[in-house]
Structures are given as structure tokens and as C-alpha cells.
Amino acid sequence: PTLLPGVPTLYTAINGAAENSASRQASMRSIRYCFSGGAPLPRSVQERFEEITGGRLVEGYGLSEASPVSHGNPLDGRARIGWLGLPLPSTEARAVDLETRAPVTMRE
């Protein structure tokens, strides 16, 4: 595979399996891009997975009503840990102050 969507638990399990087998590590080198969702992605999991596979692992955000992804970190190196990313094409988003509900500036 070259693209692997998953959840942090999956990437943690792959990291653990690779620690126990050099052959498994070699077989993951085809992976180029991965998206993680469903829970926050720990930096240590991301960094280790990228070391093992050579692929880029980024975090996204979504919900069932969005079918299922609405935002994703860019694959071009601008991804940030703990950031839900940019709205996907044809997705409108607005950030608001939790207390006043007034719009706040979204920074890339």
C-alpha cells in the first residue's frame, strides 16, 4: 500500500510490531502518505511511524455528519501536531470565540 488511513491505535500497533521484526519494518516502506483520525495523534507515535515507513503521517479531523473528514493537515510538510488542519475542498469552516461566539482569525 502507498496510502494508509487509520487511527492512532493502529499506528501504535504497527510501531510495536516493527520493533519486534525487521522484516515487518522493511515491508512497510511502500507507504507514502497516512492520515490519522478518531483521536489525537501523539507526536511520539507519528515520529516513530514515519521512521519505520519513510512515509508522512498527518492528523485530520472529522465527524460522522461530515462523511467523515472535514479538515486535514497538509501532506507538503506544513502539518502541525495537535492542529486539525485546513478545510477540505468544498468545506466551509469558521472559528469562533467559545464565550462570545464572535469569529476569530484562522491562521494557517
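Here are some friendly notes on the sheet, the helices and the core of this model.

1. This is a predicted model, in which local features need pLDDT of at least 70, side-chain atom pairs count only at pLDDT 80 or more, and totals for chains, interfaces and linings use all residues. Residues are numbered from 1 along each chain as its sequence is written, and side-chain values use heavy atoms, with hydrogens and water left out.

2. The open sheet has 5 strands in the order E1-E2-E3-E4-E5, with mixed pairing. Strands (E, at least two residues) and helices (H or I, at least four) are DSSP runs, numbered from the N terminus, and two strands pair if DSSP finds at least two bridges between them. E1 and E5 (86-87) stand at the edges with a single partner strand each, so one side of each has no neighbour in the sheet.

3. E1 (residues 3-6) runs parallel to E2, joined by 4 bridges; Pro5 has Phe35 of E2 as its bridge partner. E2 also pairs with E3 (residues 56-62) in the parallel sense over 4 bridges, and Cys34 is bridged to Leu57 in E3.

4. Side chains alternate along E2 (residues 33-36): Cys34 and Ser36 point to one face and are buried (under 20% relative accessible area, 1.4 Å probe, protein chains only). Tyr33 and Phe35 point to the other face and are not buried.

5. The largest nonpolar core has 10 residues, including Cys34, Phe49 and Leu57; such a core joins buried Ala, Val, Leu, Ile, Met, Phe, Trp, Tyr and Cys residues through side-chain atoms within 4.5 Å. H1 (8-19) and H3 (43-53) each supply at least two of its residues.

Methods. Buried means under 20% relative accessible area, exposed over 50%, partly exposed in between (1.4 Å probe, protein chains only).
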